[in-house]
Amino acid sequence: MPPAPPRAPTAPARAPGGGGGGGGARPPPPPRRDRAELRRARALTSGTDGELAVVRDDRPDAYALPGRPGRIVVTTGMLRALEPPEREALFAHERAHLRGRHHVLLATAELAALCHPALRSLREPLGYALERAADEAAAAAVGDRRLAARAIGRAALAARGAPGRPGSVRPRTVLAATAGPVPRRVAALLGTGTSGRPALGPRTRRLVAGALLMCLTLSGVSAVAAANDLHTHIEIAQGEGPGR
């Protein structure tokens, strides 16, 4: 039986969907919905001093909440599910997301996908690379790759085995140790083929960000050119000369 969770300021959990409204209301667009979920999550931690914010919720969950300041959000259910050394490894993982500003890269990928459907395939491999980078940072922080792997595996099992929707308090756009292909990540931590270095170093992050920004620029130029061509074809179809 793990010892009692560390004492930290806590806040009651609230579901992201808000209060009850009519069943026929149309859901908000994804960007607006995502901003609302982030605002609600930040409101839960507004009275918290320090890096760690503990939410009173029996469902195990933990995630990195970006902002000024960014915070590691963890539920009381997750604290009870892990041993103290495993908690430290989990916190180190989420801390790596905040310090590496991984949410900026993820947001850029999301924006690229909105600009061009062909870029949607970037989201999954980028999310995996960011989680692996945080895994390696956690292993380096605690000095034990097996401990980091065990913490991530147990956290994921606890989150997925709990009743109710997993991550019901967690905003959809944040990064979390329990997300993605956890067995593959645990195997990478336990394998002998890794060098122990973060999977996404500063130079790699700059290259990824530059590539995504280039994709955004090209997508914008293509969209403007396509809109101009469409306008010209409409004028021709209406029997008008282009530009008249």
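This passage walks through the fold of a single chain, from its overall layout to its strands and then its helices. The model is a predicted one, and everything below is read from that model.

Let's start with the big picture. The secondary structure of the chain adds up to eight helices and four strands. Following the sequence from start to end gives the pattern β-α-β-β-β-α-α-α-α-α-α-α. The chain has 244 residues, and 40% of them count as buried. Contacts across the sequence are also worth a look: among those between residues at least 6 apart, 70% join residues at least 24 apart.

Next come the strands, and β4 is a handy place to begin. Strand β4 covers residues 71-75, and five of its five residues are buried, so the rest of the structure largely encloses β4. Both of its faces are covered. Arg71, Val73 and Thr75 sit on one side, Ile72 and Val74 sit on the other, and all of these are buried.

What does β4 pair with? One partner is strand β3, residues 62-65, which joins β4 in the antiparallel sense over four bridges. Within this pairing, Ala64 stands opposite Ile72, while Tyr63 stands opposite Val73. The two strands make a hairpin with five residues between them. In the turn of that hairpin, Gly67 has a positive phi of about 155°. Strand β3 has its residues pointing two ways as well: Ala62 and Ala64 go one way, Tyr63 and Leu65 go the other, and all are buried.

Another partner is strand β2, residues 52-56, which runs parallel to β4 and is joined to it by four bridges. Here Val54 has Val74 of β4 as its bridge partner. So β4 is paired in the antiparallel sense with β3 and in the parallel sense with β2, and its five residues are buried.

A helix residue can be placed relative to this strand too. Leu44 belongs to helix α1, which spans residues 30-44. With a relative accessible area of 11%, Leu44 is buried, because the cut-off for that label is under 20%. Leu44 and Val73 are 29 residues apart in sequence, yet their C-alpha atoms are 9.4 Å apart in space.

Now for the helices, where α5 (residues 123-142) takes centre stage. Helix α5 packs with helix α6 (residues 145-161) at an angle of about 130°, and the axes are 8 Å apart. The two helices are therefore oblique to each other, and α5 passes α6 in a right-handed crossing. On the α5 side, the residues in contact are Asp135, Glu136, Ala138, Ala139 and Val142; on the α6 side they are Arg145, Leu147, Ala148 and Ile152. Sorted by type, the residues of this contact come to six nonpolar, no polar and three charged.

Helix α5 also packs with helix α7 (residues 182-190), this time at an angle of about 40° and with the axes 11 Å apart. This pair is therefore oblique too, and its crossing is right-handed. From α5, Tyr128, Glu131, Arg132, Asp135, Glu136 and Ala139 meet Arg184, Arg185, Ala188 and Leu189 of α7. The residues of this contact split into four nonpolar, no polar and six charged. Asp135, Glu136 and Ala139 turn up in the contact of α5 with α6 and again in the contact of α5 with α7.

Conventions: Residues are numbered from 1 along each chain as its sequence is written. This is a predicted model: local features need pLDDT of at least 70, side-chain atom pairs count only at pLDDT 80 or more; totals for chains, interfaces and linings use all residues. Side-chain values use heavy atoms; hydrogens and water are left out. Axes are lines fitted to C-alpha atoms, for helices over the stretch in contact, and angles run from 0 to 180 degrees between N-to-C directions. Angles under 35 degrees count as roughly parallel, over 145 as roughly antiparallel, 65 to 115 as roughly perpendicular and the rest as oblique. A crossing is left-handed if the near helix is turned anticlockwise from the far one by less than a right angle, and right-handed if clockwise. Contact means heavy atoms within 4.5 Å. Ala, Val, Leu, Ile, Met, Phe, Trp, Tyr, Cys and Pro count as nonpolar, Asp, Glu, Lys and Arg as charged, and the others, Gly among them, as polar. Buried means under 20% relative accessible area, exposed over 50%, partly exposed in between (1.4 Å probe, protein chains only). Two strands pair if DSSP finds at least two bridges between them.
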